[in-house]
Amino acid sequence: QVNLVESGGGLVQAGGSLRLSCAGSGRTFTTNAMSWFRQALGKEREFVAGIGWSGGRTTYADSVKGRFTISRDNTKNTVYLQMNSLKPEDTAIYFCAAQRSAWSPTAYVQEREYDYWGQGTQVTVSS
């Protein structure tokens with residue numbers, strides 16, 4: 001069974017930091033671009049950050065640029081999202097996803113490009 005499992009969510013005060021992890025199992029995702037998306041209550045899911053298969057190229061939503069950093073460790077089949085200077089508007093369920101196409105140097109922002117999704121981890125930022 002192929003799984004992506006997120007961890008590291010929780011409750012944090014505004015200005016604080018969290019580090020999310022996404023571990024793959026059942027198959028390797030080392031040749032797939034990977035991304036983080038989030039969905040706030042009552043809103044549509046949105047792209048947050050993505051990283052190409054080799055880790056050489058990253059993409060960020062404007063709302064998180066300069067505060068969030070995506071990285072990956074292909075030896076561990078794991079992707080990370082370091083979130084600093086968190087704001088209440090960052091409160092959402094965060095999902096990781098693996099892009100369908102292999103060997104892409106860049107992660108796409110469209111959800112339809114992703115075949116595998118994790119179950120999500122809740123991030124709550126209090127003011």
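These legends walk through several views of a predicted model.

**View 1. The protein chain is built from strands, with no helices.** Here's the whole thing before we zoom in. The protein chain holds zero helices and eleven strands, so its pattern along the sequence is simply β-β-β-β-β-β-β-β-β-β-β. Its radius of gyration is 13 Å, close to the 14 Å that the globule rule gives for 127 residues, so the chain is as compact as a globular protein of that length. The C-alpha trace spans about 40 × 30 × 25 Å along its principal axes. Of the 127 residues, 43% count as buried. Among contacts with a separation of 6 or more, 60% come from residues 24 or more positions apart.

**View 2. Four strands make an open sheet in the order β1-β3-β8-β7.** The pairing in this sheet is antiparallel. Look at the two ends: β1 (3–7) and β7 (68–73) are the edge strands, and each has a single partner strand, so one side of each has no neighbour in the sheet. From one strand to the next, the twist averages 15°. What holds paired strands together? Strands of a sheet pair through backbone hydrogen bonds. For a closer look at one pair, follow β1 and β3 (residues 18–25), which run antiparallel and are joined by five bridges. Leu4 is a handy landmark here, standing opposite Gly24 in β3.

**View 3. Strand β4 pairs with both β9 and β5.** β4 covers residues 32–39, and seven of its eight residues are buried. With β9 (residues 92–102), β4 pairs in the antiparallel sense over seven bridges; find Asn32 and you'll see its bridge partner, Ala102, in β9. With β5 (residues 46–51), β4 also runs antiparallel, this time with five bridges. Trp36 is the residue to spot for this pairing, as its bridge partner in β5 is Ala49.

**View 4. A hairpin connects β4 to β5.** Six residues sit between the two strands. In the turn, pick out Gly42, which has a positive phi of about 80°.

**View 5. One disulfide ties Cys22 to Cys96.** How many disulfides does the structure hold? Just one. The sulfurs of Cys22 and Cys96 are 1.9 Å apart, and the link is right-handed, with 50° about the S-S bond. The pair brings together distant parts of the chain: Cys22 belongs to strand β3 and Cys96 to strand β9, 74 residues apart. Are these two cysteines buried or exposed? Cys22 has a relative accessible area of 1%, so it counts as buried, and Cys96 is buried too, at 1% relative accessibility.

**View 6. Ser104 sits in the loop between β9 and β10.** β10 covers residues 114–117. Being in a loop doesn't leave Ser104 out in the open: its relative accessible area is 7%, so it is buried. Which residues does Ser104 touch, leaving aside those up to four places away in sequence? They are Thr31, Ala33, Gly52, Trp53 and Gln99. A polar atom of the Ser104 side chain also lies 2.6 Å from the backbone oxygen of Thr106. As for Trp117, 13 residues from Ser104 along the chain, the C-alpha atoms of the two are separated by 18 Å.

How values were computed. Residues numbered from 1 in each chain as written. Predicted model: local features only at pLDDT ≥ 70, side-chain atom pairs only at ≥ 80, totals over all residues. Heavy atoms only, no water. Buried < 20%, exposed > 50% of the residue type's maximum accessible area, 1.4 Å probe, protein only. Pairing = 2+ DSSP bridges. Axes fitted to C-alpha atoms, helices over the stretch in contact; angles between N-to-C directions. Contact = heavy atoms within 4.5 Å. Polar contact = N/O pair within 3.5 Å; in protein donor to acceptor, adjacent residues only side chain to side chain. Disulfide = S-S within 2.5 Å. Rg over C-alpha atoms; globule rule 2.2 N^0.38 Å.
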